[in-house]
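Colleague: I am new to this structure. Could you walk me through how to read its features, one at a time?

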Amino acid sequence: MAVCSSSTCCDGNFDEKEKNVSTTSFLESCIPLPLPQETLDDIVPKGKDFAVLHGAGMRHKAKYDPDTLYFAPFLLLPSAFPRREFDRVVKLQPLINVLMHKIAHDHEFLKSALEKTIQVDDFTARLWDIYTKVREEGVTQWISLGMFRCDYFYSVTSQVAQQVEVNTVAASFAGLATRITILHRYVIGELRKPELLHHLPENDALAGLCGAMISAWEVYSSPKAVILFVVEDVTYNICDQRFHEYEIRRQRPDILVIRRNLTQISEQGRLTADKKLFIDGDEIAVVYFRAGYEPGQYHSEAEWDARLTIERSCAIKSPSIHYHLAGTKKVQQEIARPGVLKRFLTESEAEQVGQLFTGLYTLDRSAEGDKAVQMAMENPDHFVLKPQREGGGNNIYGSEIKEVLERLKDSQEREAYILMDRIRPPVQQNYLIRPHLPVTLAEVVSELGIFGAVLGSGKDIQFTNYSGHMLRTKLSSVNEALLHVHFYPTSTGWYKNCDLEVMAG
């Protein structure tokens, strides 16, 4: 790994000689593996108990029971991630918040970026219709709350963290991430390695995001108004969501949180003449979407009407419809074009943010799009094919890319997708702990998520900050880090100092 030799390195200015140094594709654990069996027999039950008793839990998707909670799959030990790159993306998060805020408020840019996508992607088109209606009617609430999560892989090839995507809607796991951080501190202590604890960074993701919602509630300025969580019909990731409610109550005992799905909002919600939103008699100050990001959550026109009602209201939304659109894959591909970032940022800022991007390519029906199609079909293992969807499990990899593009290459439907270079993260070993399954020492890869919050209008930003982090880990043999008990364990980042060489495996 390249050595971080000066403070400018962590500002994103990398010496080309450093970037060309060969690196390993394997990260060694800070605790020698495998652990002795007697150690595993002792520490694994302790870890499971700690997870359950500290709320690191989920409901089982295949065996759903509202009265039963399983511990969320986790890795026994913290995962490694280079400290230099962690520090760099943390430092850049407030700037990325500003970037997404400015994109969301640039109507001409959104229109230009999405004009072809909305012709072929029905879901994005429905979101765009709501956005257009609200603009034509006149925006009631100009202030929006953005609670984003930027996801990164550390790239073996470039030796820097590269951005996978920016999530602008339902950016989840801040609650579980803080629980797993505490769990890993406990495990390291039980393994009698207290000297390693300083490598684990503090993680205030839950407090940070809940504090942002409280700030938005205060801006709304109605003491009896409540915060609305828009949730799924059935919530499996219940602990993560509930911890947000409990943290709001801890910080501000006078603020009430209510939970409703889109169907319930369509039945119970109403707007007053001055566009205040009421649900069952409660005035809504802030709306936090934990659902509404994928088509299956809109069962009928009633759910779409509920979304439009919320957008028409003077409640502060997280996200507002324009933030939601700013997070689409197509917009992220468009801002990676040369020079586009300078529309929103200074030259220096654009250079720093631009260094986070990997290759992103349009699949529009043009010479440029044809070239990208051909490139992907010739080397499908080098790319990821992405539709305009959130929530995991939607991307296309390997030989399936060739099959899909063979079918769509002469169709306008290909414009519903973008193409991204596949980022190759380093592999490391860790123990995978799952309910009712044997403990497995597996080869895994990790994706870093950085939370950020921004509050403001098109004319003014009241605050932008880094709010916390998470590290999600999947088996190295699995393409998607699916939100599923067997494929998506959460782990705390074990941030190695950037002056430590990683051992070759």
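Modeller: Gladly. Bear in mind that this is a predicted model. We start with helix packing. Two packed helices are described by the angle between their axes and by the distance between the axes.

Colleague: At what angle do H4 and H6 pack, and how far apart are their axes?

Modeller: Helix H4 covers residues 107-114, and helix H6 covers residues 122-137. They pack at about 155°, and their axes are 12 Å apart. Angles over 145 degrees count as roughly antiparallel. H4 and H6 are therefore roughly antiparallel to each other. H4 passes H6 in a left-handed crossing.

Colleague: Which residues make that contact between H4 and H6?

Modeller: H4 brings His107, Leu110, Lys111 and Leu114. H6 brings Thr124, Trp128, Tyr131 and Arg135. By class, the contact of H4 with H6 has four nonpolar residues, two polar ones and two charged ones.

Colleague: Now H8 and H9. What is the angle there?

Modeller: About 65°, with the axes of H8 and H9 9 Å apart. Helix H8 spans residues 205-220 and helix H9 spans 238-251. Such an angle makes H8 roughly perpendicular to H9. H8 passes H9 in a right-handed crossing.

Colleague: What side chains should I look for between H8 and H9, and which residues are they?

Modeller: Think of residues in contact. On H8, find Leu206, Ala207, Leu209, Cys210, Gly211, Met213 and Ile214. On H9, find Phe243, His244, Glu247, Ile248 and Gln251. The contact of H8 with H9 divides into eight nonpolar, three polar and one charged.

Colleague: Where do the axes of H15 and H16 come, and at what angle do they cross?

Modeller: The axes of helix H15 (residues 367-378) and helix H16 (residues 399-408) come within 8 Å. They cross at roughly 140°. The crossing of H15 and H16 is left-handed. Val373, Ala376 and Met377 of H15 meet Ile401, Lys402, Leu405 and Glu406 of H16. By class, the contact of H15 with H16 has five nonpolar residues, no polar ones and two charged ones.

Colleague: Let us turn to pockets. How much space lies in the second largest pocket?

Modeller: About 300 Å³. Next, look at the lining. The second largest pocket is lined by 17 residues. His105, Tyr131, Val139, Trp142 and His322 lie nearest its centre. Tyr131 is also one of the H6 residues in the contact with H4.

Colleague: Which helices each supply at least two residues of that lining?

Modeller: H6 and helix H12 (321-326) do. H6 gives the most to the lining, with three residues. By class, the lining of the second largest pocket has seven nonpolar, seven polar and three charged residues.

Colleague: Last, the backbone. Which peptide bonds before proline are worth finding here?

Modeller: Look at omega. The bond from leucine 33 to proline 34 is cis, with omega near 0°. Proline 34 lies in the loop between strand S1 (26-27) and helix H2 (37-53). The bond from serine 318 to proline 319 is cis, also with omega near 0°. Proline 319 lies in the loop between strand S13 (316-318) and H12.

Colleague: And phi? Is that of lysine 275 positive or negative?

Modeller: Positive. Phi of lysine 275 is near 70°, in a residue other than glycine. Lysine 275 lies in the loop between strand S10 (269-271) and strand S11 (277-279).

How values were computed:
Residues are numbered from 1 along each chain as its sequence is written. This is a predicted model: local features need pLDDT of at least 70, side-chain atom pairs count only at pLDDT 80 or more; totals for chains, interfaces and linings use all residues. Side-chain values use heavy atoms; hydrogens and water are left out. Axes are lines fitted to C-alpha atoms, for helices over the stretch in contact, and angles run from 0 to 180 degrees between N-to-C directions. Helices (H or I, at least four residues) and strands (E, at least two) are DSSP runs, numbered from the N terminus. Angles under 35 degrees count as roughly parallel, over 145 as roughly antiparallel, 65 to 115 as roughly perpendicular and the rest as oblique. A crossing is left-handed if the near helix is turned anticlockwise from the far one by less than a right angle, and right-handed if clockwise. Contact means heavy atoms within 4.5 Å. Ala, Val, Leu, Ile, Met, Phe, Trp, Tyr, Cys and Pro count as nonpolar, Asp, Glu, Lys and Arg as charged, and the others, Gly among them, as polar. On a 1 Å grid over the protein atoms alone, a cavity is a set of points where a 1.4 Å probe fits but cannot get out, and a pocket is an open set with protein on both sides within 12 Å along at least five of seven lines; lining residues have an atom within 4 Å of a point. Grid points are joined across faces, edges and corners, and a volume is the space filled by probe spheres set on the points.
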